[in-house]
Amino acid sequence: MVIRRVLAPRIDFTALRRELDLPDGYPNDALREADAAVAADPGPSTDRTDVPFVTLDPATSRDLDQAMQLARRPGGGYRVRYAIADVSSFVRPGGTLEAETWRRGQTIYLPDGKVPLHPETLSEGAASLLPDVERPAVVWTIDLDADGAPGTVRLERARVRSRAKLDYATAQADAEAGRLPEPIALLPEIGALLTERGLDRGAINLPLPEQDVEPDGDGWRLVLRPPVPMEDHNAQISLLTGMVAAQLMIAGRVGLLRTMPAPRPEAVQRLRTAAVPLGVDWPAQTSVGRLIAGLDPARPRNAAFLDQAAELMRGAGYTAFDGTVPEDPGHGGVGGAYAHVTAPLRRLADRYATEVCLALHAGTPIPDWARAALPKLPEVMAGTDRVASAATRGAIELAEAVLLAHRVGETFDAAVVDVDAPAADGRARRRPGGAVAIDDPPVRARCDGDLPLGERIRVRLVTADPATRKVRFERA
């Protein structure tokens with residue numbers, strides 16, 4: 001794995017927090033309510049502490065939503081046990097704490113600290129699936145056949161105990177050395193099966209590297225981090241659970257789905273057209289997802305193609321229903337119906353969708369507080385998704401501008417990853433341009449000039465303004 005790190009001076013993110021109107025601290029009455037819930041010991045009576053669950057997350061994470069244990073089934077196939085933090089055990093319906101979580105919607109991550117959905121006494125304490133302590137959880141048990149197709153599903157509240165907190169980099173090294181811990185030894189095998197099933201459905205997975213801003217001593221560093229295979233395998237377990245949850249809610253005709261329109265044929269055709277000048281060979285019968293799965297994103301032309309393909313992944317949202325199943329319940333990126341149920345510590349909607357699934361599976365009435373929340377959640381989640389995206393984008397843009405502020409006038413090697421489309425009325429663009437990505441530091445920004453898509457060119461930095469968080473190049 002290649003990680004590019006570039007040290008940046010100390011950056012003050014206060015203005016960005018203020019611009020996004022992010023909460024500063026947690027209200028005292030909500031904190032007291034959380035402390036009282038912890039002291040009440042709300043754990044369920046069913047005991048699953050004998051199951052050797054482990055968590056798999058970024059190394060620094062302490063808000064651990066999921067733990068898993070994977071095993072072969074006698075006679076063939078697999079058994080996936082997936083424990084999800086039971087946040088509802090701590091959040092009283094109608095209370096001050098619940099109201100505050102609705103105001104926040106989800107955990108917002110910034111380089112200088114996060115704005116948590118729940119108080120840290122819950123999100124990094126009593127509700128987090130930390131190792132070697134008992135925790136209340138919602139446990140999904142999903143049986144798969146030898147090809148990865150889901151069969152019997154069981155769902156219950158139970159006490160669990162994680163055996164270890166694993167991180168992606170170490171797990172990847174262990175996988176390559178053939179020494180993965182027993183609870184996740186089958187993860188590469190099962191993950192690959194589930195990925196293949198997704199490609200058969202028409203799923204699209206964009207292997208775009210994450211660009212992060214991380215603390216580094218008295219400064220910050222801008223990090224470009226491609227995902228390692230174990231991250232993708234881990235994500236497949238979450239996707240599997242979300243798809244099983246969606247089917248449970250569709251069968252019960254009530255719930256909350258994560259939806260996204262399938263790529264429009266004209267958008268796919270535009271992407272096919274863009275593939276030609278980029279030298280991407282796209283056989284006529286190959287789906288978008290399978291084509292992307294075979295591309296090396298490190299090549300500039302492939303990176304430009306993937307940037308274009310991201311345009312297919314638009315329109316995601318939440319769809320609530322009660323009595324009538326949505327006409328189009330699918331998620332175009334997943335290739336089927338899907339629901340968010342695996343990250344309740346960090347995302348509000350998961351708590352309510354999980355409660356619906358528990359009731360449907362048990363054949364009991366859905367709690368009134370959960371059912372009443374469903375139609376309100378899509379708007380709340382859409383708003384908080386916008387804030388989260390703006391926070392991530394704003395932090396990176398600020399770091400890029402600070403990092404490059406003293407280099408205005410210099411020239412850089414760059415890959416052209418996007419070119420402006422012609423005006424809708426067919427007239428020529430007033431000022432041609434697009435987007436370029438420079439290698440060192442790993443920055444993507446606006447560039448003016450006639451740009452050859454997918455080619456490498458020289459560009460000159462003309463603007464790097466921390467006050468406006470703007471970086472702009474021109475073709476040299």
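Let's start at F305 in this predicted model. Setting aside neighbours within four places in sequence, F305 is in contact with L271, A275, L278, V280, W282, L291, I292 and L295. Those contacts fit a wider picture: F305, V459 and F473 touch the most other members of the largest nonpolar core, which has 56 residues. The top contributor to this core is helix α13, spanning residues 377-404, with eleven residues. Apart from this core lies another one, made of 53 residues, including L70, L348, A349 and L358. In soluble globular proteins, nonpolar side chains tend to be buried together.

Now zoom out to the whole chain. It holds 13 helices and 19 strands, and 50% of its 476 residues count as buried. For the overall shape, a compact globule with 476 residues would have a radius of gyration near 23 Å, and the protein chain agrees because its own value is 23 Å. Along the principal axes, the C-alpha atoms fill a box of roughly 70 × 55 × 50 Å. If you look at contacts with a separation of 6 or more, 72% of them join residues 24 or more positions apart. On the outside, the accessible surface comes to about 21600 Å², with carbon and sulfur atoms accounting for 49% of that.

What about annotation? An unreviewed UniProt entry marks residues 45-363 as "domain: RNB". That stretch is 34% helix and 27% strand, and its end C-alpha atoms sit 19 Å apart.

Finally, the cysteines. C357 is buried at 0% relative accessible area, and C447 is buried too, at 0% relative accessibility. The disulfide count comes to zero.

Terms used. Residues are numbered from 1 along each chain as its sequence is written. This is a predicted model: local features need pLDDT of at least 70, side-chain atom pairs count only at pLDDT 80 or more; totals for chains, interfaces and linings use all residues. Side-chain values use heavy atoms; hydrogens and water are left out. A nonpolar core is a set of buried Ala, Val, Leu, Ile, Met, Phe, Trp, Tyr and Cys residues joined through side-chain atoms within 4.5 Å. Buried means under 20% relative accessible area, exposed over 50%, partly exposed in between (1.4 Å probe, protein chains only). Helices (H or I, at least four residues) and strands (E, at least two) are DSSP runs, numbered from the N terminus. Contact means heavy atoms within 4.5 Å. A disulfide is a pair of cysteine sulfur atoms within 2.5 Å. UniProt positions are given in the numbering used here, feature names are shortened, and annotations may be inferred rather than shown by experiment. The radius of gyration is taken over C-alpha atoms; the globule rule is 2.2 Å times the number of residues to the power 0.38. Accessible areas come from the Shrake-Rupley method with a 1.4 Å probe; for residues, only the protein chains shown count as cover.
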